[in-house]
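Hi there,

Here is the structure I promised to pass on to you. Have a look at it first, and my notes on what turned up follow below.

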Amino acid sequence: MIRLADVHTKAEPPVSPLEDTVSMPVDNDRARLDPPTVQLPNPADMPLGDNTPTVRVQVPRPPAAGRPELGDDVPQPAPQLPPPPRTSEEDEPVATRRSRKPALVGLAIVLVLVLGAGIWFGAPGVVQALGFGGATTTPTSPPPSPSAPNLLIKPLSNPPTPSAAGLAAALAGPASSPALGTLSGTIVDPVTGTTLWDHGSTTPLTPASSGKLLTMTAALLSLDPQFRFTTTVVAGPEPGSVILVGGGDPTLSSLPDGKESVYPGAAHLDDLVKQVKQAAGGPVTKVLFDSSRYTGDPMAPGWEGSDIAGGSVAPMTPLMLDGGRSKPTQTDPPRTGSPDVDAAKEFAKRLGADPNSVKAGTAPAGAKVLGSVQSPPLTDMVSTLLQISDNVLAEAVGREVAKQAGAPASFAGATSSVLNILRGNNFDLTGVTMSDGSGLSTQDRVTAKLLGSIMTVAAGPDGGGDPRVAKLRPLLNGLPVAGGSGTLSDRYNDAASSAGKGYVRAKTGTLDKVNTLAGIVQDADGKVLAFALMSNGSEIDQGRAALDAVAAALRGCGCR
C-alpha cells in the first residue's frame, strides 16, 4: 500500500505574483482578510540611497501602503528591485570606475560656479542666496514623492456572486471525471454563508491530511495564539545528573544556531546545552529523560510501522528532535522509532556525558530548573504544519488541545477534545470520526461539508458578529498556493488546471486511493469562494490532477 500524507517538494517553489500565502493575524494590529477580498503582503519598502561623493539630495520615503487585496489581474512577473547602492569604488565594475573622473571634474566645476554665485542650501525646501543687500530667502517646493509601486494586485469592489446554476454548469465536466472515483464537495460564499454548489457533501469520506484542519481549528479556538511548547532541563537526583523534560515540542532543532530545519524559528538544542553548562556548577555525567507528558500508545489506530521508515511520522513522544527526522532539512526522510531516547542521547553527547548511560526518569516537583527553550508561537506552527503537511507537529498540537480541555494527552484524548470543541463552536459533526489529529489514519472519516464550513468561517467577513472568524484567520496563512508553495508547489501545471495557479489556496490530502483539497479560490470576477473537495477510490496522480481541474474551473468561472 502506498502511504503518502502529502507529496512534498524539496526544491524552492516557483515564483508567482500570488506566491505568498495570505497573512492573517489574530488581532487587529495588522490587516486581515475581509471577503470578498483576500489581502496579501505588501512588497518590501525599497531603500533609497545615493552615492554621489559631494552633494546628496534625500527624497522623502512615501508612507507604507496598506496591504493590497487580491485582484483579478493576469499574473505578471514580480517587480524587480534595483541593486543595492555600492559603498566604495572597489565595489564597482572597472568600466564604471574609468568613467568617474570626467564626472567628478564636471561636478567640481558646477560646485565652483554655485559657490561663486553665493548660493547655498539651507533648511529643506528653502534656497538661500547672498546678494549685495544681504541674505534673501526664496521658498521652493519639496521634491515629489516617488511614484507608488504598481503592486500588480488591485482592490476589489463588490464582485458579483456566481449563481448556483452557473457553477453547476461550469463544474459539470470536471466533476464528472471518472478519475475522481467517489467525489464529495461543497462551494460556499464566505460572506453570506450561502452554499452555491453541493455534491454529496454530507457523505463521510477519508480526509487524509485535510483532516489536520479539524485539529488546527480546535487549537485556534481553544489555545492562546501565542502558546509555545517549552522544553526544560532540571537538576537530577544525584550530583552531576540532569533530567531532560519533554514539553511536547517536536520542532526542537538539532542543527547549530543560525541553521534552520523544516521548522522555521525552532528552538535549538545547543541553546539548551549552553544554559545547562552554565547553571550546572560542574560537569554533567548523567542524563535522564522524562516523557511522562504523554500517555497511551505512541502510534495511532490506522497507522502502520512502515510509516516511520517512509518518513510520514514518528512515534508520538513529548521529547524529540526535528520531528524525529533523520535529515532535519528534508520534509520526509526516514524517521526514528525512538525519538525521545535519541534526543536524550544527543543531549548527553553535547554535554560531554556518556550517551549510553541515558535512561528514562521522572522530574521531581520543585526541581531546580537549569535551562529551558521554547518553540515558535502556535500561529506560526499552524502555518508551518499546513504548508508542509507535518503529521507529527499536528499530533503534538492536538495533545495540547487535550491537556487544555483536561483530557489525557493521548490519541483518544486529543481526538475527543478536538471534536468536542468543534461541536461546541457550532460545526456540524454528523458522520465524523477521527482516530488521530493529522489525517494519516485510514480510519478517519470527515465530510466535505465540515471542511467547507471551516474554510467558510476562516474566510468570513470582519465585523460580521461571528467571534470564530478572527480566531481562524491563521488557517488561511498556512494554505499552500497552487503552483507556488508547500504541497501545491509542483501542481497546477497542465492545461486543465493551470488557470488555478496562484489563485487556488488549499490544504491537500493524499493517501492510497484518497485525494482531498479544501481552501479558498478567487473566481474570474474577483469573488472569493470557500470550497472542499474529497475524492476516494482514486489513483494518486490521476485523482490529484482531476481534483485540481475542478478547483481551477472555479477560478475560470464568472458563472452568473
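**Helix 12 and its surroundings**

Helix 12, spanning residues 468–478, is mostly covered, with nine of its eleven residues buried. The buried ones are Arg-468, Val-469, Leu-472, Arg-473, Pro-474, Leu-475, Leu-476, Asn-477 and Gly-478. They pack against helix 4 (212–222), helix 8 (378–388), helix 11 (448–458) and strand 12 (514–522). Before you go further, please keep in mind that this is a predicted model.

**Helix 8**

One of those neighbours deserves a closer look. Ten of the eleven residues of helix 8 are buried, so this helix is largely enclosed by the rest of the structure. Among the buried residues are Leu-378, Met-381, Val-382, Leu-385, Leu-386 and Ile-388, along with Thr-379, Ser-383, Thr-384 and Gln-387. The cover over them includes helix 4, helix 9 (391–404), helix 12 and strand 11 (504–511). Just after helix 8 comes Ser-389, with a positive phi of about 55 degrees.

**The chain as a whole**

Stepping back, the chain contains 13 helices and 13 strands. Of its 560 residues, 49% are buried. Among contacts with a separation of 6 or more, 69% are between residues 24 or more positions apart. The accessible surface comes to about 24,400 Å², and carbon and sulfur atoms account for 56% of that.

**The mixed sheet**

Two sheets are worth finding in your viewer. One is an open sheet of five strands in the order 9-8-7-6-10, with mixed pairing. Strand 9 (359–360) and strand 10 (369–374) stand at its edges with a single partner strand each, so one side of each has no neighbour in the sheet. Within this sheet, strand 7 (residues 241–245) and strand 8 (residues 286–290) run parallel and are joined by five bridges. For a spot to zoom in on, try Val-242, whose bridge partner in strand 8 is Val-287.

Helix 5 (residues 269–279) packs on this sheet and touches strand 6 (230–235), strand 7 and strand 10; the direction of helix 5 makes about 165 degrees with that of strand 10. Helix 7 (residues 339–351) lies across strand 6, strand 7 and strand 8, and runs at about 150 degrees to strand 8.

**The antiparallel sheet**

The other open sheet also has five strands, here in the order 5-4-13-12-11, and its pairing is antiparallel. At the edges are strand 5 (195–199) and strand 11, each pairing on one side only. From one strand to the next, the twist averages 5 degrees. Strand 4 (residues 182–188) and strand 13 (residues 528–536) are paired over seven bridges in the antiparallel sense, and the partner of Ile-187 in strand 13 is Phe-531. Helix 3 packs on this sheet, where it touches strand 4 and strand 5, and its direction makes about 30 degrees with that of strand 5.

How many residues of strand 11, an edge strand, are buried? Eight of the eight are, so strand 11 is largely enclosed by the rest of the structure. Both of its faces are covered: Val-504, Ala-506, Thr-508 and Thr-510 are buried on one side, and Arg-505, Lys-507, Gly-509 and Leu-511 on the other. Eight bridges link strand 11 with strand 12 in an antiparallel arrangement, and Lys-507 has Ala-518 as its bridge partner in strand 12. These two strands form a hairpin with two residues between them, and Lys-513 in the turn has a positive phi of about 70 degrees.

**Two helix pairs**

Helix 3 (residues 164–175) and helix 13 (residues 540–555) have axes that come within 9 Å and cross at roughly 155 degrees. With an angle over 145 degrees counting as roughly antiparallel, that is therefore how helix 3 and helix 13 stand to each other. Their crossing is right-handed. Leu-167, Ala-170, Leu-171, Pro-174 and Ala-175 of helix 3 make the contact with Ala-549, Val-550, Ala-553 and Leu-554 of helix 13.

For helix 9 and helix 10 (residues 411–424), the axes come within 8 Å and cross at roughly 70 degrees, so the two are roughly perpendicular to each other. On the helix 9 side, the contact involves Glu-395, Gly-398, Arg-399, Val-401 and Ala-402. Helix 10 contributes Phe-411, Gly-413, Ala-414, Ser-417, Val-418 and Ile-421.

Happy browsing, and best wishes!

Conventions. Residues are numbered from 1 along each chain as its sequence is written. This is a predicted model: local features need pLDDT of at least 70, side-chain atom pairs count only at pLDDT 80 or more; totals for chains, interfaces and linings use all residues. Side-chain values use heavy atoms; hydrogens and water are left out. Two strands pair if DSSP finds at least two bridges between them. Helices (H or I, at least four residues) and strands (E, at least two) are DSSP runs, numbered from the N terminus. Contact means heavy atoms within 4.5 Å. Axes are lines fitted to C-alpha atoms, for helices over the stretch in contact, and angles run from 0 to 180 degrees between N-to-C directions. Buried means under 20% relative accessible area, exposed over 50%, partly exposed in between (1.4 Å probe, protein chains only). Accessible areas come from the Shrake-Rupley method with a 1.4 Å probe; for residues, only the protein chains shown count as cover. Angles under 35 degrees count as roughly parallel, over 145 as roughly antiparallel, 65 to 115 as roughly perpendicular and the rest as oblique. A crossing is left-handed if the near helix is turned anticlockwise from the far one by less than a right angle, and right-handed if clockwise.
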